[in-house]
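The paragraphs below lead the reader through one protein chain, beginning with its charged surface and then turning to its fold and its salt bridges. Please keep the sequence and the model in view while reading.

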Amino acid sequence: MSDDRSEHGQPIIAVANLIAQGVDAEVGLLVREDWQRRGIGTGLLRRLLDYVEKCGKRAVVMHIQSQNTPMLRTVARIGRRSEVKREGSVASLRIPLTVVSNSREGNKAEGRAASK
């Protein structure tokens with residue numbers, strides 16, 4: 001167990017990183033081992049996907065160790081279609097998002113990312 005603390009002195013139990021350049025965004029998640037299996041990673045990922053989608057990005061990319069079954073399950077649990085490419089011990093996932101654009105008719109969704 002780590003003694004990492006936030007600037008307010010609270011223990012850090014999870015970290016999420018978002019890098020958004022160009023049309024896609026890259027996401028990384030880390031949940032402290034003793035706090036896993038409580039929905040924290042799933043909640044963080046859902047919030048990041050919603051945020052990135054509202055920013056107009058086309059997709060989210062994640063690079064996950066192939067043996068990291070809990071993280072792969074987390075991605076599956078969010079219920080969005082993902083494209084997977086495996087290279088060695090790394091699974092690269094691309095999660096397409098619904099692109100929202102403004103037009104005279106109002107906001108329109110272009111493309112569907114949800115699985116059917």
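A patch, as the word is used here, is made of residues with over 30% relative accessible area and no salt bridge, like charges being joined within 9 Å. Lys and Arg count as positive for this purpose. The model under discussion is a predicted one. On its surface, Arg-37, Arg-46, Arg-73 and Arg-77 gather in a patch of positive charge.

One member of this patch, Arg-37, is found in the loop between β2 and α1. Its relative accessibility is 77%, so Arg-37 counts as exposed. The backbone of Arg-37 also deserves attention: its phi angle is near 65°, a positive value in a residue other than glycine.

The fold as a whole may now be considered. The chain contains 2 helices and 7 strands, and along the sequence these elements follow the pattern β-β-α-β-α-β-β-β-β. Of its 116 residues, 27% count as buried. The accessible surface of the chain comes to about 8,100 Å², and carbon and sulfur atoms account for 49% of that area. Among the contacts with a separation of 6 or more, 51% are between residues 24 or more positions apart.

Thr-42 offers a local view of such contacts. This residue lies in helix α1 and has a relative accessibility of 10%, so Thr-42 counts as buried. When its neighbours within four places in sequence are left aside, Thr-42 is in contact with Thr-74, Arg-77 and Ile-78. Arg-77 thus appears in two settings: it belongs to the positive patch, and it is also a contact of Thr-42.

Which oppositely charged side chains meet in this model, and what parts of the chain do they link? A search of the whole structure finds 7 salt bridges. In one of them, the side chains of Asp-24 and Arg-58 meet at 3.4 Å, N to O. Asp-24 lies in strand β2, which spans residues 24–31, whereas Arg-58 lies in the loop between α1 (40–54) and β3 (59–65), so the pair ties together parts that are 34 residues apart in sequence. The two partners are covered to unlike extents: Asp-24, at 19% relative accessibility, counts as buried, while Arg-58, at 41%, counts as partly exposed.

Another salt bridge is formed by Glu-53 and Arg-80, whose closest N and O atoms are 3.2 Å apart. This pair too links distant parts of the chain, for Glu-53 is in helix α1 and Arg-80 is in the loop between α2 (69–77) and β4 (83–87), 27 residues apart. Glu-53 is buried, because its relative accessible area is 14% and the limit for a buried residue is under 20%.

Arg-81 and Glu-83 form a further salt bridge, with their closest N and O atoms 3.5 Å apart. Arg-81 has a relative accessibility of 36% and counts as partly exposed; Glu-83, also at 36%, counts as partly exposed as well. Salt bridges that share partners join Asp-24, Arg-58, Arg-81, Glu-83 and Arg-94 into one network. The bridge between Asp-24 and Arg-58 and the bridge between Arg-81 and Glu-83 therefore both belong to a single connected group.

Technical notes: Residues numbered from 1 in each chain as written. Predicted model: local features only at pLDDT ≥ 70, side-chain atom pairs only at ≥ 80, totals over all residues. Heavy atoms only, no water. Helix = DSSP H or I, 4+ residues; strand = E, 2+ residues; numbered from the N terminus. Buried < 20%, exposed > 50% of the residue type's maximum accessible area, 1.4 Å probe, protein only. Contact = heavy atoms within 4.5 Å. Areas by Shrake-Rupley, 256 points an atom, 1.4 Å probe, with all protein chains shown as cover. Salt bridge = Lys/Arg side-chain N within 4 Å of Asp/Glu carboxyl O. Patch = residues over 30% accessible without salt bridge, like charges linked within 9 Å, V, L, I, M, F, W, Y side chains within 5 Å. Charge placed at Lys NZ, Arg CZ, Asp CG, Glu CD.
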